[in-house]
Amino acid sequence: VENFNSFYQLNPFSSTIQLLGRYTRTPAGSVKYGDFLNPVGGELPTHAQHSSQVFVDYGDFRNRQVTQYYDKKYYGTMAGKDVNHTTMPWYLFGDAIKDMEI
């Protein structure tokens, strides 16, 4: 393996994506995920030539706001500090696409 990027979080609680009208970009409510126990992560062992371990709810990602497509009617927005296991794929979608382009 040449490149290995791992993202993890330690939020075992619920997570909320704030919704914005797709065309107006005005607040339009929110969606809450994970009312039950959510798994948390940690660093993964790797022997890749280039490795990255990113703790999403701490450090540089903690206050990084992501706003992106949620569904046909809404965009969603949230910060890294609010991510949990369920919302991690949505929050990191753009990062994953960039990683695959390398």
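This is a short tour of one structure, stop by stop, with a suggestion at each stop of what to select. Please keep in mind throughout that the model is predicted.

**The sheet**

Begin by showing the strands as a cartoon and look for the open sheet, in which 4 strands lie in the order E3-E2-E6-E5 with antiparallel pairing. Select residues 27-33 and then 65-69, and you will have the edge strands E3 and E5, each of which pairs on one side only. If you look across the sheet, the twist from one strand to the next averages 30 degrees.

Now select residues 74-79, which form strand E6, and follow the 5 bridges that join E5 to E6, the two running antiparallel. Within this pairing, threonine 67 stands opposite threonine 77 of E6. As you follow any such strand, it helps to remember that in a regular strand the side chains alternate between the two faces of the sheet.

**The hairpin and its turn**

Move to residues 15-21, strand E2, which is joined to E3 by 5 bridges and runs antiparallel to E3. Select serine 15, and then look in E3 for tyrosine 33, its bridge partner. E2 and E3 together form a hairpin, with 5 residues between them.

Which residue in the turn has a positive phi? Select arginine 25, which is found in the loop between E2 and E3 and has a positive phi of about 55 degrees although it is not a glycine. This deserves a pause, because most residues other than glycine have a negative phi. With a relative accessibility of 45%, arginine 25 counts as partly exposed.

**The core**

Next, select Ile17, Leu19, Val54, Val56, Phe61, Val66, Met78, Val83, Met88, Trp90, Tyr91 and Leu92 and show their side chains, since these 12 residues make up the largest nonpolar core. Both E2 and helix H1 (88-91) supply at least two residues each, and H1 gives the most, with 3 residues. As background, in soluble globular proteins nonpolar side chains tend to be buried together.

Stay in the core and centre the view on valine 83, which, leaving aside residues up to four places away in sequence, touches Gln9, Asn11, Ser15, Val56, Met78, Met88 and Tyr91. Ser15 in this list is the serine 15 that you met in the hairpin, paired with tyrosine 33.

**The aromatic rings**

The structure holds 3 aromatic pairs. Select tyrosine 8 and phenylalanine 55, whose ring centres are 5.1 Å apart and whose planes meet at 10 degrees, so that the pair is stacked. This pair links distant parts of the chain, with tyrosine 8 in strand E1 (residues 3-8) and phenylalanine 55 in strand E4, 47 residues apart. Are the two residues buried or partly exposed? Tyrosine 8 is buried, at a relative accessible area of 12%, whereas phenylalanine 55 is partly exposed, at 24%. Add Tyr58 to your selection, and you will see the cluster into which ring pairs link Tyr8, Phe55 and Tyr58.

**The salt bridge**

For the last stop, select arginine 64 and aspartate 95, whose side chains meet in a salt bridge with a distance of 2.8 Å from N to O. Arginine 64 lies in the loop between strand E4 (50-55) and E5, and aspartate 95 lies in helix H2 (residues 93-100), so the pair ties together parts that are 31 residues apart in sequence. Arginine 64 is partly exposed, with a relative accessible area of 26%, while aspartate 95 is buried, with a value of 14%. The count of salt bridges comes to 1.

Key:
Residues are numbered from 1 along each chain as its sequence is written. This is a predicted model: local features need pLDDT of at least 70, side-chain atom pairs count only at pLDDT 80 or more; totals for chains, interfaces and linings use all residues. Side-chain values use heavy atoms; hydrogens and water are left out. Two strands pair if DSSP finds at least two bridges between them. Axes are lines fitted to C-alpha atoms, for helices over the stretch in contact, and angles run from 0 to 180 degrees between N-to-C directions. A salt bridge is a side-chain nitrogen of Lys or Arg within 4 Å of a carboxyl oxygen of Asp or Glu. Buried means under 20% relative accessible area, exposed over 50%, partly exposed in between (1.4 Å probe, protein chains only). A nonpolar core is a set of buried Ala, Val, Leu, Ile, Met, Phe, Trp, Tyr and Cys residues joined through side-chain atoms within 4.5 Å. Contact means heavy atoms within 4.5 Å. Rings of Phe, Tyr and Trp (its six-membered ring) pair if their centres lie within 6.5 Å; planes under 30 degrees apart count as stacked, over 60 as edge-to-face and the rest as tilted.
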